[in-house]
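Reader: Hey, can you walk me through this one? I'm new to reading structures, so please keep it plain.

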Amino acid sequence: MMKSFKRRWFLVAGVLAIAIGVSVPVAQAQQPIKIGHSMSLTGGLAGGGKAALIALQMWVEDVNAKGGLLGRKVELITYDDQSSPANTPGIYTKLLDVDKVDLLIGPYATVPTAAIMPLVKERGLLLMGNFGFQSNAKIQHDMWFNNGSWNDAASWSENFFLAARELNVKTVAFLAADQEYAQALAGGAKAIAANMGLKTVYDQVYPPTTVDFSTIIRAIRAAQPDVVYVMSYPNDSVGIVRSVNEIGVGSSVKLIGGGMVGLQFAPVMESLGSMLNGWVNYHFYVPEKTMEFPGVKAFLERYSKRAIEAKVDPLGFYLPLFDYAIGQMIEQAVTATKSLDHKVLAKYLHENEMKTIVGGIRYAKDGERAKARVIMIQFRGVADKNIDQFRQPGKQVIVAPAEYKSGAVVPFDQARK
């Protein structure tokens, strides 16, 4: 009797052991793939951050509707970094050590990203960058991949000066904020201007706390440059455009703009309206015929509905397109390699062109674009208080580079008539 009971007990125990052995990997297989990041949902960068988050959430929904990745659903874990670089190291440490995320996406913007670069390099982690400018220049991490369209500092400026060449210019004025981004751009712009043989007649660095630009604009007018290259942040950009509209820069100026952050944001564009006419500035996507990439129109139509409900940038031309592209690149790399190993994924991203809604992306060794694509657009025929006009071609004419050009640059005073 005792022997019979023991045999039955061992049989049951064996069945349970097999069941447990099978159930554990099945349970693991059903765990979501966790992708962690911080985003500026409050603070100075929140306008862009909230719009970017909508795009990432859209990608998660889209990929999960197709069955997820590697047969597992994707879960996006988001923390608000409050637009502060002081917060990002702690957030990413928590994502790794507490949340145990599988993959990382960088925070929006340069300075919050720079704060976590030592951490990801030390741990040997893949990081999909989110509009970080020169974030990897000093660290030289071989597993960093930026979603931005630029590579070095000069890539932001070269097409501006290419357009300027068409206007037979000889002198230039520089105006730049005393901030890391603006100063990096200034170095590249000045090198290009010098190579073109342009004479610098004015060069001003202004404090980031500046709110009144009237004195600076009058000084530029007195210097009588042919070209004015501006490197500014959103609030500064608005102030500079308004000051030029009120005071004027004089008839000598044929081209003005270049590196002004903010003139790509729908609320700013709507607010400034016709004051934007004639300005030439960098961008990464506008709805001109030359940039009709596969999938971009469908995304923008879907995004706009979500953005209007969330009361964020309804156009989505700046950050949202490129954040959705981050998801597409992760999806392609994971699907192709059938792996979540960071080194395996990095190798794939280095060796293959990624297909995205903002066109093909191929990376150089440093994780920046192998070929930069910073377009220069000129505002034309912009009316006041009409956001929908910017969804149509012709309001933001691409004047350089030739590959995407949709019209010739027009001198500043002519474009304002």
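Author: Sure, let's start in a loop. Lys385 sits in the loop between strand 13 (375-379) and strand 14. Helices (H or I, at least four residues) and strands (E, at least two) are DSSP runs, numbered from the N terminus.

Reader: Is Lys385 buried or exposed?

Author: Lys385 counts as exposed, at 75% relative accessibility. Buried means under 20% relative accessible area, exposed over 50%, and partly exposed in between, with a 1.4 Å probe and protein chains only.

Reader: What's odd about the backbone of Lys385?

Author: Lys385 isn't a glycine, and yet has a positive phi of about 50°. Most residues other than glycine have a negative phi, and most peptide bonds are trans. Gln140 is not a glycine either, and has a positive phi of about 55°. Gln140 is found in the loop between strand 4 and strand 5.

Reader: And which residues does a cis peptide bond join?

Author: Ala400 and Pro401, with omega about 0°. Pro401 lies in the loop between strand 14 (396-400) and helix 14 (412-415).

Reader: Before I go on, where do these numbers come from?

Author: This is a predicted model, where local features need pLDDT of at least 70 and side-chain atom pairs count only at pLDDT 80 or more, while totals for chains, interfaces and linings use all residues. Residues are numbered from 1 along each chain as its sequence is written, and side-chain values use heavy atoms, with hydrogens and water left out.

Reader: OK, zoom out. How many helices and strands are there?

Author: The protein chain has 14 helices and 14 strands. Its C-alpha atoms fill a box of roughly 110 × 40 × 35 Å, taken along the principal axes. Of the 417 residues in the protein chain, 54% are buried.

Reader: What about contacts along the chain?

Author: Take the contacts in the protein chain with a separation of 6 or more: residues 24 or more positions apart account for 69% of them. Contact means heavy atoms within 4.5 Å.

Reader: Can you show me one buried residue?

Author: Try Phe160, in helix 6 (residues 158-165). Phe160 is buried, with a relative accessible area of 0%.

Reader: Which residues does Phe160 touch?

Author: Not counting residues up to four places away in sequence, Phe160 touches Val227, Val228, Tyr229, Leu255, Ile256, Gly257, Gly258, Val280 and Met376. The C-alpha atoms of Phe160 and Asn281 are separated by 7.5 Å, though these two are 121 residues apart along the chain.

Reader: Switching to helices. At what angle do helix 2 and helix 11 cross?

Author: The axes of helix 2 (residues 46-65) and helix 11 (residues 296-310) cross at roughly 125° and come within 10 Å. That makes helix 2 oblique to helix 11. Angles under 35 degrees count as roughly parallel, over 145 as roughly antiparallel, 65 to 115 as roughly perpendicular and the rest as oblique. Axes are lines fitted to C-alpha atoms, for helices over the stretch in contact, and angles run from 0 to 180 degrees between N-to-C directions.

Reader: What about helix 11 and helix 12?

Author: Their axes come within 11 Å and cross at roughly 115°. That makes helix 11 roughly perpendicular to helix 12. The contact is made by Val296, Phe299, Leu300, Arg302 and Tyr303 of helix 11 and Pro320, Leu321 and Tyr324 of helix 12.

Reader: And how do helix 12 and helix 13 pack?

Author: They pack at an angle of about 110°, with their axes 9 Å apart. Helix 12 and helix 13 are therefore roughly perpendicular to each other. Residues in the contact include Met329 and Ala333 of helix 12, and Leu345 and Leu349 of helix 13.

Reader: Which residues of helix 13 are buried?

Author: In helix 13 (residues 342-351), they are His342, Leu345, Ala346 and Leu349. Seen down the axis of helix 13, these buried residues fall within an arc of 100°, so they line one face of the helix. The arc is that of the directions from the helix axis to the C-beta atoms.

Reader: What do the buried residues of helix 13 pack against?

Author: They pack against strand 3 (103-108), strand 4 (127-130), strand 5 (144-146), helix 12 (319-337) and strand 11 (354-356).

Reader: Great, thanks!
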